[in-house]
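Subject: Structure handover

Hello,

Here is the structure I promised to pass on. Please open it and keep it in view while you read the notes.

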Amino acid sequence: MENTTPKQIFYPHIVGIDISKMSIDVALINSSSMKCNNALFSNDSEGFQKMKRWLKQHGNDCGEDILFCMEHTGIYTRNIVKYLLKRGCKVWLESSLHIKRSMGLIRGKSDKIDAERIANFAFDHQRDAKLVKLSHPTLNRLKDLMKTRMRLQKSLHSQQIAVDELTKVDPKAGREIERISRSAISGLKKSLDKVEAKMDELIQIDKHLKALYEWVTSVKSVGKVLAVDLIVYTEGFTRMLDNRKLACYCGVAPFEYSSGTSIFASPGTSSFANKQLKFHLHMCAMNAIKCHKELRGYYLRKTEEGKSKMSALNAVRNKLLHRVVAVVKRGTPYQEKLD
């Protein structure tokens, strides 16, 4: 039987925004009449001001009684989110995959249609809106540096691999390419050093971030790269300060996979995760089972219990996250248990 109970309304107006590099498509839903109005603005301060005036013409302004919903689109959302939050607006950033899957089978696509779909999604799920807070400016700078570091590393790795592979096949040609690429490789290494030095500088001048960094890196085998990743993506551990939620986000939480009597598989991790965090956590776990006596023993016990090597390694990754969350909640460095 169809449920005819009316949806509870928390916001008189809902705004769905489809964001691109140059423009924003806006769909405004009046929660009472369910009437939808559309408009197109430029993705800059002038466009935001025009959007504000347009909203006022339709009976609302950028205030607390209006919910703005948009998809995560990287840097293109940064300015509009900052603009809205500074005016006390309620902003909800949701993954495009979540929005798409909530709609079922859909046909047709345009920026205007996408804005309406985002607005409808926000109206239907407004009870579960996850509101964004104004980001710590240092965290934004750290995030930019972190992504720059990642791009530099990829470029450096690509250059070095190309030279090494060519040298194995044709030593003479490899040496020639190595000489040509030497200055580029040297430049990438210097840029990497500068980026990492700047990241360290930003952490050291912020007392709160410095304390978080020292607590996280006090956990054995958790290096500075993973520590910065965790601080940035958890927004200074103001979100996901829960073992299970953080493990899900990092893609290391095991889930059951079974149905009836015909479908059954060993529990596995989800592919929907922060790939960068998962990679750095994996590297730390690999280091842990090589260099950390206690965690190596834990890994070996898991394999002796019949766990596969990857499952045992995943248990180590979860244990590292568990310790990180524990030290942050406690507000003290990690103290290793003595035998």
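Below is what was found, starting with the sheet and moving on to the helices.

One caution before the details. This is a predicted model.

The sheet

Begin with the strands. Five of them make an open sheet, and their order is 3-2-1-4-5. The pairing is mixed. In general, strands of a sheet pair through backbone hydrogen bonds, either parallel or antiparallel. Which strands sit at the edges? They are strand 3 (36-42) and strand 5 (90-94), and each pairs on one side only. From one strand to the next, the twist averages 20°.

Now look at one pair. Strand 1 (residues 13-19) and strand 2 (residues 23-30) run antiparallel. Seven bridges join them. To find one bridge yourself, start at H13: its partner in strand 2 is N30.

A helix also lies across this sheet. Helix 4 (residues 111-124) crosses over strand 1, strand 2, strand 3, strand 4 (66-71) and strand 5. Helix 4 runs at about 140° to strand 1.

Two helix pairs

Take helix 1 (residues 45-57) and helix 2 (residues 78-86). They pack at an angle of about 45°, and their axes are 11 Å apart. The two helices are therefore oblique to each other. Their crossing is right-handed. Which residues meet? From helix 1 come F48, Q49, M51 and K52; from helix 2 come N79, I80, Y83 and L84. This contact between helix 1 and helix 2 divides into five nonpolar residues, two polar and one charged.

Next, find helix 8 (residues 224-233) and helix 10 (residues 275-291). Here the packing angle is about 145°, with the axes 9 Å apart. The crossing of helix 8 and helix 10 is left-handed. In helix 8, the residues in the contact are V225, L226, D229, L230 and Y233. They meet Q276, L277, H280, L281 and C284 in helix 10. The residues of this contact of helix 8 with helix 10 divide into seven nonpolar, two polar and one charged. A general point helps when reading such lists: an α-helix has 3.6 residues a turn, so residues three or four places apart point the same way.

A length check

Last, helix 12 (residues 309-330). How far should its 22 residues span at 1.5 Å a residue? The expected span is 32 Å, and the end C-alpha atoms of helix 12 are 32 Å apart, so the two agree. After helix 12 comes G331, with a positive phi near 75°.

Best wishes

Conventions: Residues are numbered from 1 along each chain as its sequence is written. This is a predicted model: local features need pLDDT of at least 70, side-chain atom pairs count only at pLDDT 80 or more; totals for chains, interfaces and linings use all residues. Side-chain values use heavy atoms; hydrogens and water are left out. Axes are lines fitted to C-alpha atoms, for helices over the stretch in contact, and angles run from 0 to 180 degrees between N-to-C directions. Helices (H or I, at least four residues) and strands (E, at least two) are DSSP runs, numbered from the N terminus. Angles under 35 degrees count as roughly parallel, over 145 as roughly antiparallel, 65 to 115 as roughly perpendicular and the rest as oblique. A crossing is left-handed if the near helix is turned anticlockwise from the far one by less than a right angle, and right-handed if clockwise. Contact means heavy atoms within 4.5 Å. Ala, Val, Leu, Ile, Met, Phe, Trp, Tyr, Cys and Pro count as nonpolar, Asp, Glu, Lys and Arg as charged, and the others, Gly among them, as polar. Two strands pair if DSSP finds at least two bridges between them. The expected span of a helix is 1.5 Å times one less than its number of residues.
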